[in-house]
There are 2 protein chains.
Amino acid sequence: MTMNIRSFAATSATSPVALHAIIRRDPREDDVVIKILYCGVCHSDIHQARNEWHNTIYPVVPGHEIIGQVTSVGKNVNHYKPGDWVGVGCMVDSCQHCASCQDGLEQFCENVATFTYNGKDRHDGTITYGGYSESIVVSEKFVLRLPEKLDPKSAAPLLCAGITTYSPLRYWKIGKGHKVAVVGLGGLGHMALKFAKALGADVTLFTRSMSKAPEATRLGADHVVLSTDADQMKAVSNHFDFILDTVPQQHDLNPYLATLKRDGTCVLVGLLEPVEPPMNSGLLVMGRKSLAGSLIGGIAETQEMLNFCAQHNITCDVEMINIQEINQAYTRMLKSDVKYRFVIDMKSIETESL
Amino acid sequence: MTMNIRSFAATSATSPVALHAIIRRDPREDDVVIKILYCGVCHSDIHQARNEWHNTIYPVVPGHEIIGQVTSVGKNVNHYKPGDWVGVGCMVDSCQHCASCQDGLEQFCENVATFTYNGKDRHDGTITYGGYSESIVVSEKFVLRLPEKLDPKSAAPLLCAGITTYSPLRYWKIGKGHKVAVVGLGGLGHMALKFAKALGADVTLFTRSMSKAPEATRLGADHVVLSTDADQMKAVSNHFDFILDTVPQQHDLNPYLATLKRDGTCVLVGLLEPVEPPMNSGLLVMGRKSLAGSLIGGIAETQEMLNFCAQHNITCDVEMINIQEINQAYTRMLKSDVKYRFVIDMKSIETESL
């Protein structure tokens with residue numbers, strides 16, 4: 001049966017997020033139907049709701065940091081049963097046969113992964129709808145198991161903010177003996193501090209305001225460097241093995257690249273824009289340094305990250321809201337006024353009439 | 001004794017390279033005195049002669065692709081004796097105790113390597129003078145042994161153009177099964193084709209003119225791609241494991257980054273300028289790609305490269321000139337009118353009176 005369910009959707013670039021009846025597809029044989037209980041609010045949600053990436057198909061139901069419970073499963077589903085606590089992240093499908101999919105890196109699917117919202121279903125061509133909704137239907141291959149030990153509310157943002165920062169730290173093999181710096185202390189940055197610390201690195205936060213120092217320390221930073229202070233920056237020149245730059249707006253990379261050690265790597269996880277002001281290539285050449293990028297993580301690695309979080313008692317620092325407060329939340333996020341991720345209590349959607 | 005020797009030096013930014021009497025330092029106990037027989041002409045020579053990097057100390061004697069024979073050695077020199085064929089590259093000294101020096105990466109000496117010309121001697125503070133000269137005095141630690149099998153004339157540019165392209169191919173472990181592209185077919189680019197081929201890679205040249213295709217094939221390219229042809233570029237999107245970009249002027253990196261496979265790396269060895277037009281960071285993020293830089297190579301690796309060349313019958317393609325033709329050579333180099341490196345027959349300097 002086709003389900004007409006409660007969802008919050010943006011219906012145009014200028015409108016706020018509004019109530020909208022959305023049709024979920026009929027569950028297929030490999031599908032898991034999930035009642036959504038919590039959904040994190042990611043910066044991408046704002047970009048997509050407002051069509052800032054010029055690819056939004058309206059109505060769009062944002063949300064890709066989803067935690068919920070299984071309500072039913074298709075007959076070919078083996079790993080989940082009703083009642084299980086599960087998560088869904090940024091992807092709900094991929095081609096499964098290209099080199100990237102075979103390598104467990106579905107986010108780089110050469111035939112383009114199907115994203116959780118504003119994507120196109122590979123089988124029936126319908127548009128995918130995200131987590132600002134009472135339920136979602138997802139192939140079991142893209143469902144994550146929530147470890148029992150993790151609080152479901154504060155685990156929600158792990159599905160995007162968590163894996164986005166965990167994956168590059170793992171790919172570049174960060175651990176004991178490494179000096180790691182994090183740029184930006186938002187949803188991604190605060191997770192980067194926690195993960196880098198848990199992996200055994202010596203962790204520094206770059207900040208533009210020393211008022212963030214106590215928070216940074218609480219979150220795992222061993223050091224805080226004021227990036228606007230020339231002396232402090234000079235003191236860490238050629239210092240870091242690895243920099244995780246989580247800033248989603250254009251900013252000058254050169255002062256950070258200068259703090260990388262020879263053979264060090266700076267990884268961008270927030271920036272998708274042209275690099276301006278221009279990067280000074282001499283900074284790369286003179287120390288065999290690298291500037292790289294990283295995008296979320298594969299499904300197996302996302303599960304590994306959730307298990308790592310359970311093992312190390314790591315979750316996001318969240319502020320709970322009701323779905324009716326989503327527009328205020330967007331406004332506050334744009335002012336960086338959130339510590340560190342809004343999570344929607346999706347129970348609040350039940351008060352809306354279809 | 002202090003030696004007053006024949007050299008060609010630029011005496012001001014506007015002048016051409018002119019004859020100038022230069023004082024060589026007294027040989028120290030660890031020094032090797034070398035009669036210079038051949039000296040390659042590197043693009044850096046032009047930059048420095050014309051003070052384009054704003055750090056030239058006049059008079060400057062360019063030249064850091066030096067081949068010659070030992071004429072005398074200090075009493076603590078163990079590895080060289082008069083008559084030996086030797087080479088000197090871009091560096092003549094480094095601190096020897098920092099982490100980079102300890103790792104055999106003197107080019108990244110944290111206390112700054114002493115460059116072969118326009119550098120400052122670490123012991124007596126005198127300015128270093130390069131290879132456009134009848135002799136040079138160098139600590140044996142920075143002297144390379146020329147394998148017998150290599151032709152001295154065409155080996156000279158290996159000391160800069162050779163090691164600059166060999167080192168990144170080795171550091172990024174290029175070999176069989178890798179798809180490698182080279183950008184630019186000059187002194188560096190033609191060596192990159194030879195090395196990448198000898199290492200077993202499948203090699204492509206990116207060019208802006210298909211007239212270079214036969215030459216590229218002769219030098220080792222398996223494929224030639226016209227970088228101005230949108231269809232050809234599209235056909236190699238997400239294709240290469242590794243790109244070696246040898247172009248020394250600002251150019252658009254984005255079309256090349258688009259041809260890197262997931263996890264691929266593009267290494268700059270020619271560019272020291274700000275990256276303009278701006279690099280699109282999305283190209284890095286969407287495929288976990290890296291943009292990196294590399295600078296010449298360490299002394300041990302330079303010796304390894306010379307030995308590799310002897311083993312694989314690799315030298316540079318050179319055009320011999322007399323020192324008196326250096327200005328015409330510079331003019332032609334700026335028009336890319338050389339295949340692929342000028343080498344000065346330094347015997348020609350003997351006709352000049354001191």
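Student: Which residue in E15(B) does Ser290(A) stand opposite?
Tutor: Keep in mind that this is a predicted model. Strand E15 of chain A, residues 290–293, pairs with E15(B) in the antiparallel sense, over three bridges. Within that pairing, the residue of E15(B) opposite Ser290(A) is Ala292(B).

Student: What rotation superposes chain B on chain A?
Tutor: In general, a rotation about an axis plus a shift along it relates two copies of a chain. Here the shift along the axis is 0.0 Å and the RMSD after superposing is 0.0 Å. That is how a two-fold axis relates its copies. The rotation is 180 degrees.

Student: Why do we say the copies meet through the same surface?
Tutor: Chain B brings 34 residues to the contact, and chain A brings 34 residues. Now check which positions they are: the copies meet through the same surface because the share of chain B's interface residues that are also interface residues in chain A is 100%.

Student: Which three residues of chain B supply 25% of the area it buries against chain A?
Tutor: Start with the total: chains A and B bury about 3,000 Å² between them, and 61% of that is on carbon and sulfur atoms. On the chain B side, no other three residues supply more than this trio does. They are Arg262(B), Val285(B) and Arg288(B).

Student: Which residue of chain A meets Asp103(B) in a salt bridge?
Tutor: There are two salt bridges across the interface of chain B and chain A. In the one with Asp103(B), the N to O distance is 2.7 Å, and a salt bridge needs that distance within 4 Å. The partner of Asp103(B) is Arg262(A).

Student: How many nonpolar residues does the side of chain B that touches chain A have?
Tutor: Several elements of chain B supply at least two residues each to that side, among them helix H4 (161–171), strand E14 (260–268) and helix H9 (281–285). Sorted by class, seven residues there are charged and nine are polar. The nonpolar count is 18.

Student: Which side chain makes a polar contact with the side chain of Thr315(A)?
Tutor: Thr315(A) sits in the loop between helix H10 (299–312) and strand E16 (318–322) of chain A. Leaving out residues up to four places away in sequence, it touches several residues, including Leu150(A), Leu158(A) and Met191(A). The polar contact, at 3.5 Å, is with the side chain of Ser154(A).

Student: How far apart in sequence are the parts that Arg218(A) and Asp317(A) tie together?
Tutor: The side chains of this pair form a salt bridge at 2.8 Å, N to O. Arg218(A) belongs to helix H6 (residues 213–219), while Asp317(A) is in the loop between H10 and E16, so the parts tied together are separated in sequence by 99 residues.

Student: What is omega for the cis peptide bond between Lys339(B) and Tyr340(B)?
Tutor: First, place Tyr340(B): it's in the loop between helix H11 (326–334) and strand E17 (341–345) of chain B. The bond that joins Lys339(B) to Tyr340(B) is cis, and its omega is about -10 degrees.

Student: Which residue follows Tyr58(A) across a cis peptide bond?
Tutor: For this bond, omega is near -5 degrees. The residue in question lies in the loop between helix H1 (43–49) and strand E4 (66–73) of chain A. It's Pro59(A).

Key: Residues numbered from 1 in each chain as written. Chains lettered and ligands numbered in written order. Predicted model: local features only at pLDDT ≥ 70, side-chain atom pairs only at ≥ 80, totals over all residues. Heavy atoms only, no water. Least-squares fit on C-alpha atoms with pLDDT ≥ 70 in both. Contact = heavy atoms within 4.5 Å. Buried area = accessible area lost by both parts, 1.4 Å probe. Helix = DSSP H or I, 4+ residues; strand = E, 2+ residues; numbered from the N terminus. Nonpolar A, V, L, I, M, F, W, Y, C, P; charged D, E, K, R; others polar. Pairing = 2+ DSSP bridges. Polar contact = N/O pair within 3.5 Å; in protein donor to acceptor, adjacent residues only side chain to side chain.
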